[in-house]
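Biologist: I would like a close look at a single part of this model, the ligand site.

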Amino acid sequence: MKVLVNGAAGKMGREVLKAVHNDTELTLVGGVDPSHGGKDVSEFMGTSPLDCKIYSQLEEAIEAVHPDVIVDFTTPAIIFENAKLMLTKGIHVVIGTTGLTEAQRQELDSIGRAHYANCLVAPNFSLGAVMMMKTAAELAPYFPDVEIIELHHNHKYDAPSGTAVLTAKLINDAKQKANVKAAEDLTRESLPGARGAKVDDVTIHSVRLPGYVAHQEVIFGGYDETLVIRHDSLSRLSFMPGVVLACKKIKDFAGLTYGLEHYL
Ligand code: NAP
């Protein structure tokens with residue numbers, strides 16, 4: 001599989017360049033990043049020159065290297081338009097960039113199917129985080145009172161995190177299936193926002209501080225007991241096995257898939 005990395009000079013993009021280059025089944029064919037067109041990818045990988053370019057324009061890169069898969073870690077503001085372009089060109093797309101709405105994902109699914117191009121949107125590529133979400137959904141019918149605290153570095157653009165929203169969705173689905181609900185929240189806020197944001201029956205609190213990478217606690221309250229699942233991504237390397245796996249499997253999953261758990 002020939003892989004192009006969109007957002008190649010970013011914090012995630014640089015790790016993806018290295019992970020793809022180091023994998024024996026994948027071939028790194030280039031990167032895209034508007035401020036770094038013309039440079040060799042090795043400048044962002046700490047290796048000797050690889051004769052593999054960064055392009056400033058996505059379309060230009062696609063025409064030049066004809067990738068089978070594009071991995072996208074860019075910004076929420078541009079991901080939808082870029083994803084439409086990539087799928088229309090018949091290229092599979094692995095998306096880590098957050099911010100796509102459900103309606104946008106549905107539209108991308110239709111575009112992808114029409115052009116035989118598959119798309120994975122994964123709010124979290126870390127295998128531990130995927131397991132945290134699965135476990136949270138399994139526990140939810142037994143512990144319907146649950147809140148999420150997600151903690152990220154202070155340069156993250158969006159809140160709450162895509163992982164927290166997906167965790168809440170999986171918990172809500174499991175609770176609905178088991179026909180259980182959280183107890184009524186009797187607290188009245190004296191400061192707006194003090195009780196966090198609601199995704200249906202689950203409350204999410206977002207912490208943004210320097211020092212953090214990506215962390216999440218799912219806290220279940222029970223009868224005189226609490227149960228906490230915590231996941232910590234200690235560096236961006238934690239996302240790489242999931243990204244590499246996604247590049248290899250994407251050709252087998254038609255349309256748009258939401259969440260890496262479907263590929264495991
Ligand atoms: P980052 O360091 O800001 O990197 C984003 C890169 O994209 C920058 O180099 C930026 O260039 C570049 N860019 C901006 N516009 C572009 C365009 N039109 N075409 C190509 N590249 C463009 O951010 P990051 O920490 O790597 O995170 C990127 C995204 O991934 C965020 O949405 C983040 O929430 C998400 N994320 C997801 C996961 C997951 O597991 N799913 C994990 C970590 C992060 P400039 O700096 O020149 O603007």
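Which backbone N or O atom lies 3.0 Å from an oxygen atom of the ligand?

Modeller: That atom belongs to Phe125, whose backbone N or O lies 3.0 Å from an oxygen atom of the ligand, a polar contact in the sense of a pair of N or O atoms within 3.5 Å. This is a predicted model, in which local features need pLDDT of at least 70 and side-chain atom pairs count only at pLDDT 80 or more, while totals for chains, interfaces and linings use all residues. Residues are numbered from 1 along each chain as its sequence is written, and side-chain values use heavy atoms, with hydrogens and water left out. Nitrogen atoms of the ligand also meet the backbone: a polar backbone atom of Pro123 is 3.1 Å from one ligand nitrogen, and a backbone N or O atom of Gly96 lies 3.2 Å from a ligand nitrogen. Of the 920 Å² that the ligand exposes when taken alone, the protein buries 77% (accessible areas by the Shrake-Rupley method with a 1.4 Å probe). The surrounding shell, counted by residues with a heavy atom within 4 Å of the ligand, holds 22 residues, the closest being Lys11, Met12, Asp33, Ser35 and Ala122. By type, the shell divides into 10 nonpolar, nine polar and three charged residues, where Ala, Val, Leu, Ile, Met, Phe, Trp, Tyr, Cys and Pro count as nonpolar, Asp, Glu, Lys and Arg as charged, and the others, Gly among them, as polar.

Note on methods
A polar contact is a pair of N or O atoms within 3.5 Å; within protein, one must be able to donate a hydrogen and the other to accept it, and residues adjacent in sequence count only if both atoms are side-chain atoms.
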